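Visitor: Before we look at anything in detail, could you take me through how such a model is read, feature by feature?

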Amino acid sequence: MRGNNLVKLNALNSLAFATGTVTLLLSSVSSVSAYTIYTNRTAWEAALATNPSYKITTDTFSNTISSAQSITLDSGIVSTNSAPPTLPNSFNNNSVSIVNPGVYDNASGTLTGASDTITWQFPATVLAFGADFSRIDELTLTGNFDGTGDQTISINPTIGGENGFLGIIGTAEFSSVIFANNTTAVDSFSIDNASFATKVPEPNAVVAFAILGGSLFLIKKAKGS
């Protein structure tokens, strides 16, 4: 009987260990899949500072860019409306420093003069995105922030009103974000200080490219002589 009890006890201990291991693994997967939202720029930047592999680029919208369906912002972001803007309109859709000085202006919605969606394509994959938003009502932000598929954030309730900062740090790199509007009304809005974090090239990679470039130059020079 003692032997049987010992076998049962060992079996129970093994089951408990296995169950605990599975739970731990599932918990790890769950936490890995999560992305983090910030409503304070200082906290967002401080969190990114702990990862020196990434650098922050900020677009202050200092230069005027005329309204068009697709424009390239100073930071290299390509901003594209789902439909060509009908001009003139009071929003001057997809423009910089025309309606309001020093900010990006657009409008989202299903009515004339607005765009169903606005896509921002980053110049490289990013781990984080953040910006100062103004006059936000029903605007949403969508992106694949954790590598599992698109997630959508309602900006106004997240930042606690029409104006404020919204920042995201993903657990996987993403290449674009989409602004949209879930209602039939027009939501005109402004964005300032749009920031994103891109990976800094590894030092070894930089050296390798430098050596490769130098070698190609010497080969070309040798062939020319």
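**Reading strands, contacts and rings**

Guide: The side chains of Asp 132 and Asn 193 are joined by a polar contact of 2.9 Å, where a polar contact is a pair of N or O atoms within 3.5 Å; within protein, one must be able to donate a hydrogen and the other to accept it, and residues adjacent in sequence count only if both atoms are side-chain atoms. This is a predicted model, in which local features need pLDDT of at least 70 and side-chain atom pairs count only at pLDDT 80 or more, while totals for chains, interfaces and linings use all residues. Residues are numbered from 1 along each chain as its sequence is written, and side-chain values use heavy atoms, with hydrogens and water left out.

Visitor: Which other side chain makes a polar contact with that of Asp 132, and with which residues is Asp 132 in contact beyond its sequence neighbours?

Guide: Contact means heavy atoms within 4.5 Å. Apart from neighbours within four places in sequence, Asp 132 touches Arg 41, Gly 164, Phe 165, Ser 190, Ile 191, Asp 192 and Asn 193, and its side chain makes a further polar contact, of 3.5 Å, with the side chain of Arg 41. Accessibility is read in three classes: buried is under 20% relative accessible area, exposed over 50%, and partly exposed in between, with a 1.4 Å probe and protein chains only. Asp 132, at a relative accessible area of 22%, is partly exposed.

Visitor: Where does Asp 132 sit among the strands, and which residue stands opposite it in E11?

Guide: Helices (H or I, at least four residues) and strands (E, at least two) are DSSP runs, numbered from the N terminus, and two strands pair if DSSP finds at least two bridges between them. Asp 132 belongs to strand E7, and in E11 the residue opposite Asp 132 is Asp 192. Strand E7 (residues 117-134) runs antiparallel to E11, with 7 bridges between them, and another of the bridge partners is Ser 190, matched with Ser 134.

Visitor: What other strands pair with E7, and which with E11?

Guide: In a regular strand the side chains alternate between the two faces of the sheet. E7 pairs in the antiparallel sense with strand E10 (residues 164-181) over 12 bridges, where Gln 121 has Ser 176 as its partner, and also with strand E4 (residues 78-81) over 4 bridges, where Asn 81 faces Ile 118. E11 (residues 187-199) is joined by 6 bridges to strand E2 (residues 54-59), in antiparallel fashion, with Thr 58 opposite Ser 195. Strand E6 (residues 104-108) is likewise antiparallel to E11, through 5 bridges, and there Asn 106 is partnered by Phe 189.

Visitor: How is a helix read against such strands, and which residues of H2 are buried?

Guide: One looks at where the buried residues point around the axis. In helix H2 (residues 41-49), the buried residues are Arg 41, Trp 44 and Leu 48. They lie on the same side of H2, because they cover an arc of only 65° around the axis, the arc being that of the directions from the helix axis to the C-beta atoms. The elements that cover these buried residues include strand E1 (36-38), E2, E7, E10 and E11, whereas the face turned away from the buried side carries the exposed residues Thr 42 and Ala 49. At the N-terminal end of H2, Asn 40 acts as a cap, with a side-chain oxygen 2.9 Å from the backbone nitrogen of Thr 42.

Visitor: How many aromatic pairs does the structure hold?

Guide: Rings of Phe, Tyr and Trp (its six-membered ring) pair if their centres lie within 6.5 Å; planes under 30 degrees apart count as stacked, over 60 as edge-to-face and the rest as tilted. The structure holds 13 such pairs. One of them, Tyr 35 with Phe 145, is tilted, at 5.3 Å centre to centre and 55° between the planes. This pair links parts of the chain 110 residues apart, with Tyr 35 in the loop between helix H1 (2-33) and E1, and Phe 145 in the loop between E8 and strand E9 (151-154). Tyr 35 is partly exposed, at a relative accessible area of 23%, whereas Phe 145 counts as buried at 0% relative accessibility. Trp 120 and Phe 179 make an edge-to-face pair, because their ring centres are 5.2 Å apart and their planes stand at 85°. Since Trp 120 lies in strand E7 and Phe 179 in strand E10, the pair ties together parts 59 residues apart in sequence, and both residues are buried.
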